[in-house]
Each structure stands twice: as structure tokens, then as C-alpha cells.
Amino acid sequence: MSAVPTVGPPLWLLAEVTYRCPLHCVFCYNPIDLADTGRADELSTADWLRVLREARALGAVQCGFSGGEPLMREDLEDLIAEARRLGYYTNLLTSGVGLSPERAASLKAAGLDHVQLSFQDSTRELNDFLSHTKTFQLKQGVGELIKSHGWPMVMNVVIHRLNIDHIDRIIAMADALGAEYLELANSQYYSWAHLNRDHLLPTSEQIRRAEAVTDAWREKVADRMKLFFVAPDYHEGQPKKCMNGWGNVFLTVTPDGTALPCHTAKMLPGLAFPNVRDHDVRHIWHDSEGFNRYRGTGWMKGACATCPDQQKDLGGCRCQAFLLTGDPAATDPVCPKSERHGIVQAAVAAADAGEVPTRPLVFRDPKSSRLLTHPGAGPRTS
Ligand code: FES
């Protein structure tokens, strides 16, 4: 089979319109250096409108507006209206903070198709602790608002060691709110979640129990709610076909205009990613080095190079390979064929043994971002 991939269109455009966010989630996938991209660095409305047009001309059909919290952008309605006019199916990925009745009405008028509301837990205490905010009650109201506007009710809960034992109550809460889709997404360990991994990685027994509880609910609510349990690859020993393949269908544009094949790729060393301020989307998608480097299978080495499953998983996740081995071209260590698989086994064994790190959880906020990104600058008080 040829190692040179046929490049189709970027079907999915993820517009990360801002890193500003009222929440401070410990599992956030936004980059650790997010504080380096302030409001002044964000793309203008005109830039975003151009990106929407260029990506649509290339064949993009779905557009997700994400962040940070996308509702922090006052021009969100303008972006959604243009996306809708261009023929995208539009999604808003939100914490719900800022989704007032007035804002919901204006988003509806702009043509927004779909809202995905995130919760951190089924209890006020843990929801508010994990996001370092008091938002649980507000989210309940937002759930009702979403229903009242006739949007499909789609909930997303990131699952990890601290909330996985609440899965029964989380599903019950989603059912009570009238959710039609509930994604129980086991945390992927990048960025802030990677920093906090040894607090967040569930035990194997917790995963088994959670899957059994989810299966039981699946039967019970089959007529009204679809449940998706996204299994954690650390425990599965099965590399995921990350982003459905590098530069295959996903195009992420970050708040400052950097174009990426996935939301965390900017940290990968030795790769320059283009900016939509400098290049049009067609060039970025087809011709840039950043989007071509890990396309297909030609870049593979080690266990991946001769693996009969290489088309199935495309070598797993490049970001995870880099975070765990320092080499973005390595076989993803979650794969049992990786010579570094022991790293993942050791992490799961530590979780199973109940080990808890002495370092406290790090919350995603600008202050921590600055301290982690520029440690030489010394601590700041604000
Ligand atoms: Fe970047 Fe998987 S998250 S390649």
C-alpha cells in the first residue's frame, strides 16, 4: 500500500476563538503557555470571517466554535451567522458561563445548530472544585435554556479518577436534564491533564465499574439518550487513530491564528505551523510542512514501520508520543508493541496501587501558565 496519502478536504474546522475562560479546569487541553496569547493577540472578526470562507471553499462542512470559552467573544454571533450562511453545520462547545437568555436568543437568531454543554461532575462540590468556580447551579439553568431553544441537548463530561465513581449520578443528572447525547470522555493526558495526570488517571477497577454502570444505563435510556463512553487509551493498550489521522479531516485554528492538525500540536519540536494571517487555508492544508509531516505512514519508524495495523491506528497520537518519550515520531507508548510501553504500564500500575502525587493539582489559569512557561520570571501575585 502506498505511504503517500491522498489528501481530502478538512471536513472539520475547529475555531478556537479565545483562550480566555472563566473556568480553570485541571484537565484542560489548552496549551500550558496559554497566557502568552492575550486578547490583543486574538484574530480579528475579519480574519475569522476569511478563515471560515477559505475553509468552506476547501470543503469544510462542520465548524466548532471553541476556546477557552467562546462566549467571551462578543462577535461570536457574527461568526456563527457567516458560518451558517456559508453552509456549515455549526457547533458551540461551551461551559455555559455567559449563556444568558439574551445571548441564547441571539445565537439562535444567528442560526447556531448545536450546543455542547460541559459539566465537570454531578455534584456541586466537585463540579465547582474541578473548575475552581461556582458554576454548577448556573449550568443546570443553561441546560434548561438549551432545551427551550430546541437545540439538541448534548452534554460532555470529562471523566477521571476524581469523578469516575459518580458516573451513575452523572448519567442520572443528564437524563433529568433531558440530554439526548451524553459523552463520557475519559481524560486524554495532554497539556494541563498531563501535568495533573497522576492525580487524574483512574484505576483499572474504576474503569471496569464505570463501563458496567454505563452499559446498564444504556439499556435503560435507549429510547431517549445516547451514551458514549470514550475509553482511556492508557488502560486499553490500543493506540487511537488520533484526529482520525494527522491532517486528514481536522483543522484547528488557535486564537492567534496558528493552524494545527490537532489542538496540542504546537508544542511539538522541530515543526513550524503556519498562521492564517500569513497564508490561505488551501496552502496551509495542502502545502505546509506542519500538516504534511505526519500524514499517512511514510514517516513511521520502529515498531510502526512494519506493523500490520499501521493503517488502522496510523501510529497513535503524535502529541502523546512526544509527551511520553520526547520523540514525536516514536510509536505511541500506549501500544504494547512500543519499546516504551513500560512508561504507560508504570503509570497505570501507580494508579492501581493508589499512589497519589505529593504535588498538588495545578489549575489552568493565567498565573500558573506564566509560572510554568516563564519560570525564570519568578512568581507573580496576580
Ligand atoms: Fe496531537 Fe494526538 S493530540 S496528534
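# Exercises on a predicted model

In this predicted model, Cys21 is buried, because 23 other C-beta atoms lie within 10 Å of its own. The exercises below begin with this residue and then move outwards to the sheet and the core.

**Exercise 1. Work out where Cys21 lies, which residues it touches, and which annotation covers it.**

Step 1: Cys21 is placed in the loop between S1 and H1.

Step 2: Once neighbours within four places in sequence are left aside, Cys21 is in contact with Gly67, Gly68 and Glu69.

Step 3: The UniProt record, an unreviewed entry, carries the annotation "binding site" for Cys21, Cys25 and Cys28.

**Exercise 2. Decide whether Cys28 is buried or exposed, and find its contacts.**

Step 1: Cys28 belongs to the loop between S1 and H1.

Step 2: The cut-off for a buried residue is 20 or more other C-beta atoms within 10 Å, and Cys28 counts as buried because it has 25 C-beta neighbours inside that distance.

Step 3: Apart from neighbours within four places in sequence, Cys28 is in contact with Ser191, Trp192 and Arg364.

**Exercise 3. Describe the surroundings of Thr37, both in sequence and in space.**

Step 1: Thr37 sits in the loop between strand S1 (12–16) and helix H1 (45–58).

Step 2: Thr37 counts as buried because it has 22 C-beta neighbours inside 10 Å.

Step 3: Not counting residues up to four places away in sequence, Thr37 touches Tyr19, Pro255 and Asp256.

Step 4: Thr37 and Thr254 are 217 residues apart in sequence, while their C-alpha atoms are 9.5 Å apart in space.

**Exercise 4. Lay out the order of the sheet and name its edge strands.**

Step 1: The open sheet is formed by nine strands with mixed pairing, in the order S7-S6-S5-S4-S3-S2-S1-S8-S9.

Step 2: Its edge strands are strand S7 (226–230) and strand S9 (259–260), each of which pairs on one side only.

Step 3: Edge strand S7 runs parallel to strand S6 (residues 181–186), to which five bridges join it, and here Tyr181 stands opposite Lys226 in S7.

**Exercise 5. Follow the chain from S2 through S3 to S4, giving the pairing and the handedness of each crossover.**

Step 1: Strand S2 (residues 62–66) and S3 run parallel and are joined by four bridges, with Gln62 standing opposite Tyr89 in S3.

Step 2: Between these strands the chain passes through helix H2 (residues 76–86), making a right-handed β-α-β crossover.

Step 3: S3 also pairs in the parallel sense with strand S4 (residues 114–119), over four bridges, and the bridge partner of Leu92 in S4 is Val115.

Step 4: From S3 the chain goes through helix H3 (residues 101–110) to S4, and this β-α-β crossover is right-handed.

Step 5: Strand S3 (residues 89–94) is mostly covered, with five of its six residues buried.

**Exercise 6. Identify the residues with the most contacts inside the largest nonpolar core, and the strand that gives the most to it.**

Step 1: The largest nonpolar core has 100 residues, and Phe65, Met155 and Ala174 are those with the most contacts inside it.

Step 2: Strand S5 (residues 153–159) gives the most to this core, contributing six residues.

Step 3: Ala174 touches Met155, Ala179, Leu182 and Met225, when residues up to four places away in sequence are not counted.

Methods: Residues numbered from 1 in each chain as written. Predicted model: local features only at pLDDT ≥ 70, side-chain atom pairs only at ≥ 80, totals over all residues. Buried ≥ 20, exposed ≤ 12 C-beta atoms within 10 Å, placed from the backbone. Helix = DSSP H or I, 4+ residues; strand = E, 2+ residues; numbered from the N terminus. Pairing = 2+ DSSP bridges. Right-handed = clockwise from strand over helix to strand, strands pointing away. Contact = placed C-beta atoms within 7 Å. UniProt positions renumbered as here; feature names shortened; annotations may be inferred. Core = buried A, V, L, I, M, F, W, Y, C linked by C-beta atoms within 7 Å.
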